[in-house]
Amino acid sequence: MAKEVRSIVITGNGTNCEREVANACRLAGAEVADIVHIAELLAGRVRLDDYHFLNLAGGFLDGDDLGSAKAGANRLRHAPVKGSAESLADQLYRFIEAGKLVMGVCNGFQLMVKMGLLPALDGDYRSQTATLTHNDSGRFEDRWTYLKVDPASPCIYTRGLTGIYLPVRHGEGKFLVREPQVLERIEAAHLAALKYCAADYNAPTMDYPLNPNGSTNAIAGVCDATGRIFGLMPHPEAYVHRTHHPRWTREEDLPEEGMGLWLYRNAVDFIRRELL
Ligand SMILES: NC(=O)CC[C@H](N)C(=O)O
């Protein structure tokens, strides 16, 4: 592999944020940001092994039938790769074992949680221990949120950050755990890297609409123990430039760069430092 940061964004079956995610990867410095239809991967024409940074984009996989990303999680788990003894999941687990990076946004986060890629307690990336389900409001929430970063989190994407302002747009963003002990372990290991909070970024909040979905412990984003596997409901790819900010025509002194780009830059810098 040449000395270039290679990122891939999987598309198909209802994703709709792939171009924005690829754009964010490129702006963050990735030399390659390929948008690849899942059929190309299942046909064996493209292999995850040729990349460092896997992005699972937002959207409406399979129309949210059976619950968001549920069918997609089964597809990714079980679908064979043509002409190979492996499944796509085998490639994915090898990708994770190789120390590479995976980030899922919104529908991509739902996909990861339902596959068991997160929170992946004890390094088990195959068992589902949590879910993302219908917002407490009972409706689709489309609004900007303040996110408090846990500075003690192993998450490599949020390193050096204290608070981020990002939009959410989802119907099923409420993080729930299967057993109370899962939540205790997530908190003890600081895996909940992002939590909904107020504009002062002081403390996590359960107050609606600051917490747009009633998520347990105000959890908005979760990583695994390595910090390299990360998913979040808000959309970092939707705030990579000043003009994406909802009040950009009124608020002066907004930096040229949007806050969402920081997460991608941390990922790309990590790859350049550790994997090339
Ligand atoms: N923007 C998204 O990815 C939405 C995810 C999912 N379709 C939901 O409504 O919850």
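Author: Two strands are said to pair when DSSP finds at least two bridges between them. Helices (H or I, at least four residues) and strands (E, at least two) are DSSP runs, numbered from the N terminus. The model is predicted: local features need pLDDT of at least 70, side-chain atom pairs count only at pLDDT 80 or more, and totals for chains, interfaces and linings use all residues. Residue numbers start from 1 along each chain as its sequence is written.

Reader: In what order do the nine strands of the open sheet stand?

Author: Strands of a sheet pair through backbone hydrogen bonds, either parallel or antiparallel. In this open sheet the pairing is mixed, and the order is β2-β1-β3-β4-β11-β10-β9-β6-β7.

Reader: Which strands stand at the edges, and why is one side of each left without a neighbour in the sheet?

Author: Each edge strand has a single partner strand, so its other side has no neighbour in the sheet. The strands in question are β2 (32–37) and β7 (163–170).

Reader: In which sense do β6 and β9 pair?

Author: Strand β6 covers residues 141–149, and four bridges join it to β9. Within this pair, L147 stands opposite Y196 of β9. The sense of the pairing is antiparallel.

Reader: Which residue in β10 stands opposite L194?

Author: Strand β10 (residues 219–223) pairs with β9 in the antiparallel sense over two bridges. In β10, the residue opposite L194 is G221.

Reader: On the two faces of strand β9, which residues are buried?

Author: A residue is buried if 20 or more other C-beta atoms lie within 10 Å of its own, exposed if 12 or fewer, and partly exposed in between, with C-beta atoms placed from the backbone. In a regular strand the side chains alternate between the two faces of the sheet. Strand β9 (residues 194–197) is covered on both faces, the buried residues being L194 and Y196 on one side and, on the other, K195 and C197.

Reader: How does A198 count, and why?

Author: A198 lies in the loop between β9 and β10. Because it has 14 C-beta neighbours inside 10 Å, A198 counts as partly exposed.

Reader: How many residues of the shell around the ligand are charged?

Author: A residue is near the ligand if its C-beta atom, placed from the backbone, lies within 6 Å of it; among those around the ligand are D64, R169 and E172. Ala, Val, Leu, Ile, Met, Phe, Trp, Tyr, Cys and Pro count as nonpolar, Asp, Glu, Lys and Arg as charged, and the others, Gly among them, as polar. The shell has two nonpolar residues and seven polar ones, and the number charged is three.
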